[in-house]
Structures are given as structure tokens and as C-alpha cells.
Amino acid sequence: MDSMLLLHLMSQIFPHKIRIIYIDHQLQSKSAEWGELVAKQATHLNIPYTIQKVQVTDGNLEAQARQARYQAYLQHLQANEILVLAHHQQDQAETVILRLLSGTGVDGLAAMQSIDHRVDMTIWRPFLDLTREQIAEWTTQLEIEYVDDPTNYDIHYDRAWSREELWPFLQNRFPKMQQALSRTSYLMQDASEILEEVLKVDLQNCGTDECLDLTRLLKLSSARQRQLLSVWMKGDGQYRPAFEMVERLKNEVIASKSDAQAALHWNQFYYVRYQHYLYRLSRQVFLAEKLNPVETETEHHFQLGEIVDCASGYFQITQKNMGLSASLLNKKLKIIRRQGGEKVHLYGRVGQWPLKKAIQEAHILPWLRHTIQILVIDNVMLGVFTPKGFWLAQSPYCEQGGWQPDLISYSCNLVNGEDGYDKCSK
């Protein structure tokens, strides 16, 4: 009823600027017939329409149906379009109740917004202050044809149970409950906006979207730590993590010993501590050693100006004040994967020392160390390719005006975003 009323009103207000999309979840035997009703009304109103069938996976049916629905919206929404939905005041009040019972925070109790700017779409809910009774009266007056979905009355689902069982019981005691809950959502939206402003300042002080400085984070109050971690984990997603997940991050990762290499997996990301920093890593980065194993040995003929694709990034062969002999250009050189236990005599330093120690002193992150490769010729170490650049080794091939591989960009397999793997420590 609410959706069909929205359709008719929008056709009057914006007759040439709207399109219709009907999502068929295929959960009801008559869902295809309902699509035919939408098509009939759209044709009558001369509005283009799309009927999109979706598959709902197993699990929480309500959540899976919602996810499938919004994924379908994204497939059809164009860059300059707004998604208009018919949620009304009772929908809002029910959302507040359900989220309260799930143990949500300020953002959850803020519920739905009239204008909802998301990362991937903008949603407008023009009916959010209308009661269901007002919508029903309006629909009757306009003689609008509609269908009642029987799942709206199936108390197996949480929202239907709330509407059919809990709602009458509470409303009998609190007649103005709907308006009060709707008002609560607006107050929580104000609180959420204020909290967001505070958290923006805290995030700027503590790090970036990929990395947090734990020394600065732990100077905040416990409440601000918890809120900052929650919104930081949410990232560009729609929902924050559960309270328990934030507590796990604090107790299992942040509070772990600096050499414990503890990691927490949530919502496709891995949260890892290294020294005094907390990192959020994509699966591609965290599991890069398994997903993209580095070859044990390769051969290459280097030329001035060329760009070489190595495991740790892209290097351009450039002339330097000090570098490798020009006689090595166009010669067969080997690039071998670091095995462990190697010693290196870096140019400009006295004596050999373990490569492992050099890596630690350079603060190369543990999940990037598998990309380190060694350049050799006839068992002579010429240098080391690392995510921090090329390290020239002391050898008979060093000369004034020689050449070196110069790191120009990181490998796309190593970063979450542009230059994203080491922002906190730079």
C-alpha cells in the first residue's frame, strides 16, 4: 500500500523524472503476479519500469532479503539518481524497537533518515513522518490498487512479530508510542551527528582509515576509544561491528604483546597490531604470501629507464650518484626470494649484518616481508628490493654515476588503498 501510494504521488510530482524497480525476492508463490500489478500501474502512468528477480540465500531471511534488494538497486541506479522508498513512521518506530532489543548504540537508534547519504547511493524517504493510518486513508481516497504481502503478518519474522504481537500490547499502555519512538530516532540522529564530529577529530589525531597510532588512541577515555574503534572498523560499510567485536579487538589485539602477531578477522578485513600501531588490512594484503607466492628465482636483463615489476613494487632503472656498474646493464642478473638467515653489507655502512635486522630497523611490516627479493650475480649480492625501496649492497660492482632500481610505486597487492599500508609511520 505505501509503495503504490508513493508511486502515484511521485508520478504526479515528477512525471518525467522517475523510474520504477520492483524487486521479486521469489519467496512468495504470487510474487510474479505482484510484479504484473506493478507493470500494469506503470504502463497506465506511462512510467518506465524494471522487474528484477533476486535470489535470497540461507540464513537470516529478513537480512538476506534486504541485502539482495539493495544489491539489485545498485545495479540499476545511475550516478545522478536518488532511490525513493516508502518507509513510514511506524516502520521507523519498529526499527527503533528492534535495534534497541539487539543492543545497538546511538547510530542504531538513529534508525532511518529522511535523506540518507550513503557511500554508494542516496535514499529519500518522504513518508517517514506519515502514520500508516494517514497512508491508508490517502490510498482509499485515491482508489489505488495494491497487494498485501502475507509475510507482513507472519510472526515468524521479527518485524512482523513486533508489529502483530508487541506493538498492540505496548500501544495499549502508551497510545503515543509511535510518535515518541519516531522522536527518539530524530534525537539520536542529532546525537549521532555530534558524535561523528568528535570522532572525525579523534581519527585525524590518531591515524588514518588504514592505521591507528595506539599511543595516541590509548590517551583517549575508554568511551572515546570504543567509539573510535567502532567507527574505524565500520569504514565505508553500512553497519558498525557488534559491541563484543570491538571488545575483542581491544583485548585480543591491542592488549596483546607487541611480538604476538595477533589478528582479528571481521567483515572481510584483518585487524593486526605491529609495534605501537593498529592496521586494518584487506584479505588480499594479509594473505598475500599465500595468495600471491613470490617466485624462488627469476632472471632479468636491466636497461636504463625501464620499469621493473617486482614483488614489492615497481622500480625504474635510474642513474644515481652511486650505484651499480654500467657493465651490468643488459647482463643476466638473478632476482631471488629472501629465504632467511642472509647477511648484507649495505653500502655506506660498516661490515655485514643480518638482513633480518636491517628489515626490522626499517620497520617493514611483517605481512610485507615475503616480498623482499635479493639481486645477485655469480653469488655476489648487489642489492635488496624492499617495500621501502632498493638497498644498494657494498660490492665490487659499485661505482660513481652507476644505476639503481628506484621505487616509483607500491605493488597493488600490498596496499588497501593509494599508498595505504604505511601511512601512520611515515
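**Close-up 1. Four strands line up into an open sheet in this predicted model.** Read across the sheet and you'll meet the strands in the order S6-S9-S8-S7, with antiparallel pairing. Who sits at the edges? Those are S6 (211-213) and S7 (263-266), and each of them pairs on one side only. Going from one strand to the next, the twist averages 20°.

**Close-up 2. Here's the pairing of S7 with S8.** S8 covers residues 269-274, and four bridges join S7 to S8. These two strands run antiparallel. To pick out one spot, find Leu-264: the bridge partner of Leu-264 in S8 is Tyr-271. Now look for helix H11 (residues 243-254), which packs on the sheet. H11 touches S7, S8 and S9 (277-282). The direction of H11 makes about 160° with that of S7.

**Close-up 3. Now for another pair of strands, S1 and S2, which run parallel.** S1 takes in residues 20-24, while S2 takes in residues 49-53. Five bridges hold the place where S1 and S2 pair. For a landmark, look at Ile-23, which stands opposite Gln-52 in S2. How does the chain get from S1 to S2? It crosses through helix H2 (residues 31-45), and this β-α-β crossover is right-handed.

**Close-up 4. Let's zoom in on S1, a strand that is mostly covered.** How many of the five residues in S1 are buried? Four of them are. While you're looking at strands, here's a handy rule: in a regular strand, side chains alternate between the two faces of the sheet.

Terms used: Residues are numbered from 1 along each chain as its sequence is written. This is a predicted model: local features need pLDDT of at least 70, side-chain atom pairs count only at pLDDT 80 or more; totals for chains, interfaces and linings use all residues. Side-chain values use heavy atoms; hydrogens and water are left out. Buried means under 20% relative accessible area, exposed over 50%, partly exposed in between (1.4 Å probe, protein chains only). Two strands pair if DSSP finds at least two bridges between them. A crossover is right-handed if, with the strands pointing away from the viewer, the path from the first strand over the helix to the second runs clockwise. Axes are lines fitted to C-alpha atoms, for helices over the stretch in contact, and angles run from 0 to 180 degrees between N-to-C directions. Contact means heavy atoms within 4.5 Å.
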